[in-house]
Amino acid sequence: MAMAIAIVHGNPALEARNRRSMDSIAAIESVVMAENELKGSLAKIAASTGPKYRVARINSAYTTAGKGTLTKYDADLIDERNRIKQCNITIWSRPWLENGVEVTFECDGEEVMVRKYDA
């Protein structure tokens, strides 16, 4: 057993594979966090001005921080009539402002829609 540990520890290919596994775990956790953020925003919007969307699938998500947090999604959303729409969604969170969370929906075949709510 001690020899196996020494071999694994000294083998760059195995070390790289272990790093990739850890990167995959971090990526999965990030996807779960992004999905939870999107679901939370959709629930707050549905409870106030609408529309009432549900997440079918997140195709990609990207987040960056600066003056607030900006998260962009390419996602499939389910509308009130159970139709699936491909949408680009941007959530710009600036919690120090009144109505500091701005959500922009750009869905195929529809006009751009912007909703705001308090963080």
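Which residues form a disulfide, and how far apart are their sulfur atoms? In this predicted model, select Cys 87 and Cys 107: these two residues form the bond, with their sulfur atoms 2.1 Å apart.

**First stop: the disulfide**

With both cysteines displayed, note that the structure holds one disulfide. The pair joins distant parts of the chain, 20 residues apart, with Cys 87 in strand 3 and Cys 107 in strand 4 (residues 101-107). View the pair along the S-S bond: the torsion is about 105 degrees, so the disulfide is right-handed. Add a surface, and both Cys 87 and Cys 107 prove to be buried.

**Second stop: Lys 85**

Remain on strand 3 (residues 84-93) and select Lys 85. Is this lysine buried or exposed? Lys 85 counts as buried because its relative accessible area is 12%, below the 20% cut-off. Next, display the surroundings of Lys 85. Beyond its neighbours within four places in sequence, Lys 85 is in contact with Tyr 53, Ala 75, Asp 76, Leu 77, Asp 79 and Glu 110.

**Third stop: Thr 71**

Move to strand 2, where Thr 71 is found. Thr 71 has a relative accessibility of 3% and therefore counts as buried. Two polar contacts can be drawn from the side chain of Thr 71. One runs to the side chain of Thr 63, at 3.0 Å; another runs to the side chain of Glu 37, at 3.4 Å. Residues up to four places away in sequence aside, Thr 71 touches Glu 37, Tyr 62, Thr 63, Ile 89, Thr 90 and Ile 91. Now add Trp 92 to the selection: Thr 71 and Trp 92 are 21 residues apart in sequence, yet their C-alpha atoms lie 6.5 Å apart in space.

**Fourth stop: the largest pocket**

Keep Thr 71 selected, since the residue also belongs to the lining of the largest pocket. To see the whole lining, select Ser 30, Val 31, Met 33, Ala 34, Glu 37, Ala 61, Tyr 62, Thr 63, Thr 69 and Thr 71. Colour the selection by element: helix 2 (12-47), strand 1 (54-66) and strand 2 (68-78) each give two or more residues to this lining. Which element supplies the largest share? Helix 2 does, with five residues. Recolour by residue class, and the lining shows five nonpolar, four polar and one charged residues. The space within the largest pocket amounts to about 180 Å³.

**Closing view**

Finally, display Glu 37 with Thr 71: both residues line the largest pocket, and their side chains make a polar contact.

Key. Residues numbered from 1 in each chain as written. Predicted model: local features only at pLDDT ≥ 70, side-chain atom pairs only at ≥ 80, totals over all residues. Heavy atoms only, no water. 1 Å grid on protein atoms, 1.4 Å probe; cavity = no way out; pocket = protein on both sides within 12 Å on 5 of 7 lines; lining within 4 Å. Points joined across faces, edges and corners; volume = space filled by probe spheres on them. Helix = DSSP H or I, 4+ residues; strand = E, 2+ residues; numbered from the N terminus. Nonpolar A, V, L, I, M, F, W, Y, C, P; charged D, E, K, R; others polar. Buried < 20%, exposed > 50% of the residue type's maximum accessible area, 1.4 Å probe, protein only. Contact = heavy atoms within 4.5 Å. Polar contact = N/O pair within 3.5 Å; in protein donor to acceptor, adjacent residues only side chain to side chain. Disulfide = S-S within 2.5 Å.
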